[in-house]
Amino acid sequence: MDEITNPHDAFFKYFMSKPQIAVDFLKQHLPEPILAMIDLSTIEEQKESFVDEALRQHFSDLLFRVRTKQGKFVYLYFLFEHKSYPDGNVAFQLLRYFVRIWEAAQARNETILPILGLVVYHGESRWTVARNFASILEWDKNDPETVQRVQSYVPDFS
């Protein structure tokens with residue numbers, strides 16, 4: 001009998017790879033403006049994983065492609081956090097995985113699509129990590145003029 005080395009990974013991948021369960025989850029957790037924009041009846045799981053081999057004990061992922069109501073495609077990327085504590089590097093890891101998804105698309109000569117990331121955390125302690133990428137950057141809070149000038153050039157996905 002095969003031993004399950006990461007039961008959280010197996011649980012999330014098993015259930016979330018079922019389209020109706022993923023759709024129900026998304027309906028509960030995506031912001032309303034995003035839900036209003038996408039057609040969840042078109043959800044398709046993509047079979048690749050983008051998590052580093054070394055980090056697979058702490059993270060697993062699922063990638064879905066879905067059409068917008070205007071007929072364009074976007075990706076929905078689930079990153080499952082299997083640590084018992086919030087990780088301040090999650091925004092940076094998401095950015096790395098987004099780049100890998102785009103690189104894989106380029107290698108297949110496909111269009112680069114927008115990616116909507118969703119982090120699912122199951123730890124006991126409250127998630128205290130900021131929810132946007134720009135917050136992990138070291139800003140000089142004593143120099144608000146420079147921060148204001150530079151902010152528009154920095155990725156800030158939430």
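User: In this predicted model, how many residues of each class, nonpolar, polar and charged, does the lining of the largest pocket have?
Analyst: The model is predicted, and its largest pocket holds about 720 Å³ of space. A total of 24 residues line that pocket. By class they divide into 19 nonpolar, 4 polar and 1 charged.

User: Which residues lie nearest the centre of the largest pocket?
Analyst: The lining of this pocket consists of 24 residues. Those nearest its centre are Gly117, Leu118, Val119, Arg131 and Ser158.

User: Which element gives the largest share of the lining of the largest pocket?
Analyst: Helix H2 (19-29), helix H4 (90-107) and strand S4 (115-121) are the elements that give two or more residues to this lining. The largest share is 7 residues, and the element that supplies them is S4.

User: What distance should the 18 residues of H4 span, and how far apart are its end C-alpha atoms?
Analyst: The expected span follows from a rise of 1.5 Å a residue, which gives 26 Å for the 18 residues of H4. The distance between the end C-alpha atoms agrees with this, at 25 Å.

User: Why are the buried residues of H4 placed on the same side of the helix?
Analyst: The buried residues of H4 are Val90, Ala91, Gln93, Leu94, Tyr97, Phe98, Ile101, Ala104 and Ala105. In an α-helix there are 3.6 residues a turn, so residues three or four places apart point the same way. The buried residues of H4 are on the same side because around the axis they cover an arc of only 155°.

User: Which residues are exposed on the other side of H4?
Analyst: Exposed here means over 50% relative accessible area. On the side of H4 opposite the buried residues, the exposed ones are Gln106 and Ala107.

User: Which strands are included in what covers the buried residues of H4?
Analyst: Among the buried residues of H4 are Leu94, Tyr97 and Phe98. The cover over the buried residues includes strand S2 (59-68), strand S3 (73-81) and S4.

User: Which residue just after H4 takes a positive phi?
Analyst: Helix H4 covers residues 90-107. Just after H4, a positive phi of about 60° is taken by Asn109.

User: Which strands each supply at least two residues of the lining of the largest cavity?
Analyst: The whole structure has 1 cavity of 30 Å³ or more, and about 30 Å³ of space lies in the largest cavity. Its lining is made of Leu26, Leu30, Leu76, Tyr77, Phe78, Leu116, Gly117 and Leu118. By class that lining has 7 nonpolar, 1 polar and no charged residues. The strands that each supply at least two of the lining residues are S3 and S4.

Key
Residues are numbered from 1 along each chain as its sequence is written. This is a predicted model: local features need pLDDT of at least 70, side-chain atom pairs count only at pLDDT 80 or more; totals for chains, interfaces and linings use all residues. Side-chain values use heavy atoms; hydrogens and water are left out. On a 1 Å grid over the protein atoms alone, a cavity is a set of points where a 1.4 Å probe fits but cannot get out, and a pocket is an open set with protein on both sides within 12 Å along at least five of seven lines; lining residues have an atom within 4 Å of a point. Grid points are joined across faces, edges and corners, and a volume is the space filled by probe spheres set on the points. Helices (H or I, at least four residues) and strands (E, at least two) are DSSP runs, numbered from the N terminus. Ala, Val, Leu, Ile, Met, Phe, Trp, Tyr, Cys and Pro count as nonpolar, Asp, Glu, Lys and Arg as charged, and the others, Gly among them, as polar. The expected span of a helix is 1.5 Å times one less than its number of residues. Buried means under 20% relative accessible area, exposed over 50%, partly exposed in between (1.4 Å probe, protein chains only). The arc is that of the directions from the helix axis to the C-beta atoms. Contact means heavy atoms within 4.5 Å.
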